[in-house]
Amino acid sequence: MAINPTWTPPKPDQKGWTIERHILEGQLAAKGATGELTALLQQITLCTKIIASRVNMAGLADVLGLTGETNVQGEEVQKLDDLANNILIRTLSRGGKVCAIGSEENDEPILVPDGYPSGKYVVMFDPLDGSSNIDVNVSIGTIFGIHERRSPAGGKASAKDLLQAGGRQVAAGYVIYGSSTMLVYTTGQGVHGFTLDPSVGEFFLSHIDIKIPDYGKIFSINEGNSVTWEQPVRSWTDWLKTPSDDQRRPYSARYVGSLVADFHRTLLKGGVFAYPADKKNTSGKLRLMYEAAPLALLVEQAGGTASTGTERILDIVPTELHQRVPLYIGSKSDVADALRFLNG
Ligand code: FDP
């Protein structure tokens, strides 16, 4: 048979790739990649599969309920939070790829235990975000962000390794434990979503190169706090609810109360999620390093925006591990509308 000289092999249909394959292909495409980030992402993936299995069994395994302790934010720690936190810390701190870990559940950063190699990366995570939804079977999630360390390799991590702007993250992602379990991540080469097939225990690529619509029809905010909002926030939400001639308004309201779930919907459908500063909480509620910054990297990679109202989230250089920030995140046009009201 004659060979057609113009034939080129078809681009592989990436749908159905395992997450391992996808991460590895990303490594091969990245200049100078050593495979260390690949290994770290695979460790995180493994942890989230274990967490997913525990979340699914929560009622049966009698792990629901409170431990009675409070975490550094003064919130009650639930057993499933502890479990998720321990799985991540034990795996990552002894996995040879990180030098330090910051977790929502731990007051202080966690360093690599003596005798284990101090790796090239710093990982920040919220092991189980949306914990007030655990007992009512509503979607919860894990959020993570990864930085390369700035201090010399091999030594003890220092504050400059931990307190880096979100714009320096080399990867970020989240897992949503919902009607199905999905992992969404970026290494700066687009945003990709994987769905867990529980029968084989593997994440398969289901959402290639996710792009957030330029604007949506949904706003997501805890309106129960509206009495404490500043006037510009109230004027903005009133405007979103007011019908307009072009039919873009009124917006629908959706608020799960799990950041991962509200963000995931916003990413796929467009619209805006906000947790503003208010008269009581002048920095808002959400945490910069393991909530706002990872989601900001994802949303920007998908073509959206993340802002405090006055500043790009990814530009903020943190001064402390558990720092809070106001957050406006989502479709470009929708966040721009919010900023127009806020900066009036
Ligand atoms: P939770 O307190 O249940 O863990 O940052 C935590 C968080 O949930 C986010 O997941 C969620 O978006 C937000 O807080 C909900 O806060 P409100 O209950 O104040 O709306």
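This passage describes an open sheet, the strands at its edges and two places where helices pack in a predicted model.

The sheet is a good place to start. Eight strands make up this open sheet, and their order across it is E4-E3-E5-E6-E7-E8-E9-E10, with mixed pairing. Strands E4 and E10 (202-207) hold the edge positions; each has a single partner strand, so one side of each is left without a neighbour in the sheet.

At the E4 end, strand E3 offers a helpful point of entry. E3 spans residues 98-103 and is mostly covered, with six of its six residues buried. On one side, E3 pairs with strand E5 (residues 121-129) in the parallel sense, over five bridges. With strand E4 (residues 110-111), E3 instead runs antiparallel, and two bridges join the pair. The connection from E3 to E4 is a hairpin of six residues. Ile101 illustrates both pairings of E3: its bridge partner in E5 is Val123, while in E4 it stands opposite Ile110.

At the E10 end, strand E9 (residues 191-197) and E10 are paired in the antiparallel sense, again through a set of bridges, five in number. Within this pairing, Leu196 has Phe203 of E10 as its bridge partner. Helix H6, formed by residues 259-269, packs on the sheet. The strands touched by H6 are E5, E6 (140-148), E7 (169-177), E8 (181-186), E9 and E10. Relative to the direction of E7, that of H6 makes an angle of about 105°.

Attention now turns to a pair of helices. Helix H5 comprises residues 231-240 and helix H8 residues 332-342; the two pack with their axes 8 Å apart, at an angle of about 135°. H5 and H8 are therefore oblique to each other. Their crossing is right-handed. From H5, the contact draws on Pro232, Val233, Ser235, Trp236 and Trp239, and from H8 on Asp337, Ala338, Arg340, Phe341 and Leu342. Sorted by class, the residues in this contact between H5 and H8 are seven nonpolar, one polar and two charged.

Terms used: Residues numbered from 1 in each chain as written. Predicted model: local features only at pLDDT ≥ 70, side-chain atom pairs only at ≥ 80, totals over all residues. Heavy atoms only, no water. Axes fitted to C-alpha atoms, helices over the stretch in contact; angles between N-to-C directions. Helix = DSSP H or I, 4+ residues; strand = E, 2+ residues; numbered from the N terminus. Parallel < 35°, antiparallel > 145°, perpendicular 65-115°, else oblique. Left-handed = near helix turned anticlockwise from the far one by under 90°. Contact = heavy atoms within 4.5 Å. Nonpolar A, V, L, I, M, F, W, Y, C, P; charged D, E, K, R; others polar. Buried < 20%, exposed > 50% of the residue type's maximum accessible area, 1.4 Å probe, protein only. Pairing = 2+ DSSP bridges.
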